[in-house]
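Here are a few exercises to work through with the model open beside you. Try each task before you read its solution.

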Amino acid sequence: MNSPETNRSSHSSSNPEAVGSGESATSTLLRLRGITKSFGAVQALQHVDLDIPAGQVTALIGDNGAGKSTLIKTISGIHPPTSGEVFWDGQEVKIHTPRDAASIGIATVYQDLALCDNLDIVQNMFLGRELTKNGVLDELSMETATKQTLLDLSVHTVKSVRQVVGSLSGGQRQAIAVARAVMRESRLVILDEPTAALGVSQTANVLSLIKTLSSRGIAVIVITHNLADVFSVADNIAVMYLGNLVSQGPIHQYDTTSAVELITTGQSSSVPAQLIPNN
Amino acid sequence: MSTTPPTLASQTPSNPWTVLWLRLRRGDSGMIPIVVGLIALCVYFQARSSSFLTAGNLNNLSIQATGYVLLGMAEIWLLLLGEIDLSLGFLSGLSGAAAVILTDLQFHWPWFAGIAMALLVGTVVGLFSGALVIGLRLPSFIVTLAIQLALLGILIWVVDAQGTGGTISIVNGQLHSIVYGHLSVVWTDIFIGATVIGLIVLSFVRNQNRRSRELDTTPTAFLLIRAVLLAAAGVLASWVFNTNRGYFTLKIQGMPYAIVILGVMVAASTFFLNRTKPGRYLYAIGGNQEAARRGGIQVNRYRVLAFALAGFTSGVAGLVYVSNLNGINDAVPGGTQVLYAVGAAVIGGTSLFGGRGKMVHALVGGVVIGVIYNGMALLSISVYGQYLATAGVFLVAVTIDNVARRGSTVSR
């Protein structure tokens, strides 16, 4: 019954002092403790504790309305939590706005991707943070950096970085949105259902892109409804059920059956008990 | 795993004709259809009237077209955002009226103050319209329709208040010379030569810079073809403006100042749109406002900026208008003018739905409209015939353009 997750056992949600300095070199990048979010009388998140290891892929799964989207919105500064604590690299941080999240290195790629179809790949990659030289746009540097980033991420499917984004396939657009997040030196990239609208081969491309991110030391949170994606790409699983985080742990402790049980009922007979937070 | 090193670089075929064919097939024909149409129109009018392709008439045509082009450019600032300003026709009339009245015998302002005031009126009213559109969260179509009526009212009021029977003539020589004054023959050639050589050198330098960074380059043959076309256009312009167009012993030669102003406006606006951050943001907002906002762009600030720039550009158009008319009257056809302005922009290839357009579109579209009007006047076609023909050309131009651009893959 020994969990391999040392961070988890080193403290409880009522004991935040244990977090931070003095802790052994764990790889936990983001740590949420007791995150609660209410919209009026509705409690969308109830005392969520979540650890996101650095450089690993965490799949955030759960049924519709389980609180997945609310949770990532609290992390990315769109809905600051009603109560609870957020630790980044062991330091407590307050994330009130998307800008706060971006400044510490959290990038979120929403389903709509926020790309301008009429602009080309380079222009989208640098949208809002263009490079200039003597006050004039430095197109050459931006194009070079874009190419380099796409090469680093092994995105080979686009023909030219001067194509307009509107001419790209769904998978390519997803890749551009992710590449933009990476280029902003993010350490945690949150992907909201990145494969929801994609075909088989494009899904494979996006999943391999996710693996490339984690191999480059970037932590990834993936929201998805597709359990096949989860088991092919994730290192860890976190399951939400009715606003609670009911289970989290390394992928090898779950299988499709237990994942489905957790998603639909909030509990599972086959998952070790200590993986389920007691809250 | 893969044995060949992945690369994104230099997949452009080296044969320029292959490139051209690929571009045409993708619908990336740029302005080729409309330029072909323009040449066809010129051939038609020349076949019907031998005085069409004379230097004197083309000079005339260029002044007529300048009005459409400037107002079209003003409208493009807004069309890029998916907005429209219906008041720009009367705004240019009011701006021009300000310059005419303030430099007349009663107020006697110097010419530069009158011109500055015209540009200020244009900019301030544009700012006001923009603030209203954003403040009221209403479509610009509706807000500027109201502004249009207000400006018409103010224009009639201001012009009639001068007590000169609804028409005010220009008394200031400099204001008059915007259209009727011109560069000397030598300076005309210097201006044209510098423009052509500058554009050619710029294209080669840019290509060289890209090559040194190992980025995709345009085939040299392409640049050479472009250089030859530019040079030909330069020679044509020199012939149009430097041929004597006076009558009897009166000799008139040289490029009108209005054309110089137009050239500077096109260059400055294009530079702003292509090479500066605010220009890039206008395209971004027109393409996807929410994406622009999430990129940290203060969307409303740039929307107001576009209205102000449109107002400023209409102010310039107004100065050319009153100079050409040698005054201002209370019957300015501002409502029609603004629709021709939108027509010029759209004929040139600017989208009505935002995110796609260039300042040169107004240049090409405005010249098309100028050619139609000038040519039909030469053929003494009746007024109703002129309107019907214009309607047909509008529809054909926009349809051809739309078909040619379907499935296009390159930003513009």
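**Exercise 1.** Find the residue with positive phi that follows helix 5 of chain A, then check the length of this helix and work out how its buried residues are arranged.

*Solution.* Bear in mind throughout that this is a predicted model.

Step 1. Just after helix 5 of chain A comes S154(A), with a positive phi near 55°.

Step 2. Helix 5 of chain A covers residues 139–152, which makes 14 residues. The expected span is 1.5 Å times one less than the number of residues. For helix 5 of chain A this gives 20 Å, and the end C-alpha atoms are 20 Å apart, so the two values agree.

Step 3. Now pick out the buried positions in helix 5 of chain A: E139(A), E143(A), T146(A), K147(A) and L150(A). Viewed down the helix axis, they fall within an arc of 95°, so they line one face of helix 5 of chain A. The spacing fits a general rule: an α-helix has 3.6 residues a turn, so residues three or four places apart point the same way.

Step 4. Finally, see what this face meets: the buried residues of helix 5 pack against helix 4 (121–125), strand 8 (136–137) and helix 6 (170–183), in chain A.

**Exercise 2.** Which elements of chain A give two or more residues to the side that touches chain B?

*Solution.* Step 1. Start with the contact: 28 residues of chain A meet 29 residues of chain B.

Step 2. Sort the chain A side by element, and strand 8 and helix 5 of chain A are the ones that give two or more residues. Helix 5 of chain A supplies the largest share, six residues.

**Exercise 3.** Describe how strands 11 and 12 of chain A are joined, and decide whether strand 12 is enclosed or open.

*Solution.* Step 1. Strand 11 (residues 236–241) pairs with strand 12 of chain A in the antiparallel sense, over six bridges. One of the bridge partners is easy to locate: N236(A) is matched with P250(A) in strand 12.

Step 2. Two residues separate these strands of chain A, forming a hairpin, and L242(A) in the turn has a positive phi of about 50°.

Step 3. In strand 12 of chain A (residues 244–250), six of the seven residues are buried, so this strand is largely enclosed by the rest of the structure.

**Exercise 4.** Which residues touch the most other members of the largest nonpolar core?

*Solution.* Step 1. This core has 175 residues, and those touching the most other members are V189(A), V220(A), V222(A), V239(A), L70(B), A284(B) and A341(B).

Step 2. By element, helix 13 (residues 299–325) of chain B gives the core its largest share, 14 residues.

Key
Residues numbered from 1 in each chain as written. Chains lettered and ligands numbered in written order. Predicted model: local features only at pLDDT ≥ 70, side-chain atom pairs only at ≥ 80, totals over all residues. Core = buried A, V, L, I, M, F, W, Y, C linked by C-beta atoms within 7 Å. Buried ≥ 20, exposed ≤ 12 C-beta atoms within 10 Å, placed from the backbone. Helix = DSSP H or I, 4+ residues; strand = E, 2+ residues; numbered from the N terminus. Arc of directions from axis to C-beta. Contact = placed C-beta atoms within 7 Å. Pairing = 2+ DSSP bridges.
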